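Q: Hi! Could you walk me through this structure, one bit at a time?
A: Sure, let's look at it together.

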Amino acid sequence: MRLSPLEGSIGVELLDVDLTKPLPDTDIDQLRRAFQDHLLVLVRGQALEGDDHDRFVKYLGPLHQFDAGGYFEYMTNVEIENKSPAGAGRLLFHNDGAYRERPRAGTSLYAIDVSPTSPPTSFASGVHAFESLPRSIQTDLEKLTAVHILDLDDPKQEAYRVREADFPRGRFLQDVRHAVHPVVVTLPHSGRKSLFVSEFYTSHIVEFGPTSDEGEALLQEAFSALYAQSNTYSHHYTVGDLVVWDNLALQHARSGTVGSSPRHLRRLVLKSLDW
């Protein structure tokens, strides 16, 4: 197995590997180091069954069980069982499950059937964004926490950031799914630090309050670092591509609307990173 860094600051491609077969221990160790160092791993040209996809991702940790009871779902525009509720619109940058008490540790997508015109998945590095900030701002952000919201009653949430300050009269934080997390999280294994605020789920910084201009200015500074062109990578799928990424270190977005052309991806989520 060989490694080839992707363009930019995010990700690495694994070469000379066949994921239809179990990996030897030396390759598993190399995979884990690559995931830790590069935050995203890509493998191209794989003809996988579900068990093959499961086995590969479980080298990094146990799988999360979805609310419906299964361990996989499909990000797809095909009407099929185990279809994700994520819809077909553009999705802003986010960390999966940030609105839950325990965010997801990682996510994997495997391209079963995709059109060249299907929208890519774009990634932004919370690690590189944090490391790019002046030390004084890093120190300030490390002391803070943020509220993350998913409003299941708002059919347009996928298109814009929902802030508690913008709630209509009579709607309160307890009416929506929400969680509070540190603005800066520490990654397992490497100990590197990552910004954990996003343009999709983050409402406000707790210590400043939902209507604070100062708190909003800090968030916007973090967003500027996160979504700088030099800090993002967009992956345009071809059939047989598998990607798996660290959900605490990287945010992802669906950079366009899914039309009628095929976009059928199998999705797994890591409950934790255990090795």
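**Cavities, sheets and loops**

A: The count comes to 3 cavities of 30 Å³ or more. A cavity here is a set of points on a 1 Å grid over the protein atoms alone where a 1.4 Å probe fits but cannot get out. Grid points are joined across faces, edges and corners, and a volume is the space filled by probe spheres set on the points.

Q: Hang on, what kind of model is this?
A: This is a predicted model: local features need pLDDT of at least 70, side-chain atom pairs count only at pLDDT 80 or more, and totals for chains, interfaces and linings use all residues. Residues are numbered from 1 along each chain as its sequence is written, and side-chain values use heavy atoms, with hydrogens and water left out.

Q: Cool. What volume does the second largest cavity have?
A: About 60 Å³.

Q: Which residues line the second largest cavity?
A: The lining is made by Phe-35, Gln-36, Leu-39, Leu-187, Pro-188, His-189, Ser-190, Asp-246, Leu-273 and Trp-275. Lining residues have an atom within 4 Å of a point.

Q: And how does that lining split by class?
A: There are 6 nonpolar, 3 polar and 1 charged residues. Ala, Val, Leu, Ile, Met, Phe, Trp, Tyr, Cys and Pro count as nonpolar, Asp, Glu, Lys and Arg as charged, and the others, Gly among them, as polar.

Q: Leu-39 is in that list. Is Leu-39 buried or exposed?
A: Leu-39 counts as buried, because its relative accessibility is 2% and buried means under 20% relative accessible area (exposed is over 50%, partly exposed in between, with a 1.4 Å probe and protein chains only). Leu-39 sits in the loop between H1 and S3. Its phi is near 75°, a positive value in a residue other than glycine.

Q: What sign does phi usually have?
A: Most residues other than glycine have a negative phi.

Q: Where is Asp-16, and what is its phi?
A: Asp-16 lies in the loop between S2 and H1, and has a positive phi of about 60° although it is not a glycine. Asp-16 is exposed, with a relative accessible area of 55%.

Q: Okay, new topic: sheets. In what order do the 4 strands of the open sheet come?
A: The order is S5-S15-S7-S13, with antiparallel pairing. Strands (E, at least two residues) and helices (H or I, at least four) are DSSP runs, numbered from the N terminus, and two strands pair if DSSP finds at least two bridges between them.

Q: Why is one side of S5 and of S13 left without a neighbour in the sheet?
A: Strand S5 (91-94) and strand S13 (232-235) stand at the edges and each has a single partner strand, so one side of each has no neighbour in the sheet. On average, neighbouring strands here are turned by 15° against each other, direction ignored.

Q: How many bridges join S7 to S15?
A: Strand S7 (residues 121-125) and strand S15 (residues 250-254) are joined by 5 bridges. One pair of bridge partners is Ser-125 and Leu-250 in S15. S7 also pairs with S13, over 4 bridges in the antiparallel sense, and there Ala-124 stands opposite Thr-232.

Q: Which way do the side chains of S13 point?
A: They alternate: Tyr-233 and His-235 point to one face and are buried, while Thr-232 and Ser-234 point to the other and are not.

Q: And the sheet with 3 strands, what's its order?
A: That open sheet runs S9-S8-S12, paired antiparallel. Its edge strands are strand S9 (177-182) and strand S12 (202-205), each pairing on one side only. Strand S8 (residues 145-150) and S12 pair over 3 bridges, and Val-147 stands opposite His-204 in S12.

Q: Last one: helices. Which residues of H2 are buried?
A: In helix H2 (residues 50-58) they are Asp-52, His-53, Asp-54, Phe-56 and Val-57. Their cover includes helix H1 (25-38) and strand S3 (40-43).

Q: What does Tyr-59 touch?
A: Not counting residues up to four places away in sequence, Tyr-59 touches Pro-22, Leu-23, Ile-28, Leu-31, Arg-32 and Asp-274, where contact means heavy atoms within 4.5 Å. Tyr-59 is found in the loop between H2 and strand S4 (73-76), and is buried, with a relative accessible area of 12%.

Key. 1 Å grid on protein atoms, 1.4 Å probe; cavity = no way out; pocket = protein on both sides within 12 Å on 5 of 7 lines; lining within 4 Å. Axes fitted to C-alpha atoms, helices over the stretch in contact; angles between N-to-C directions.
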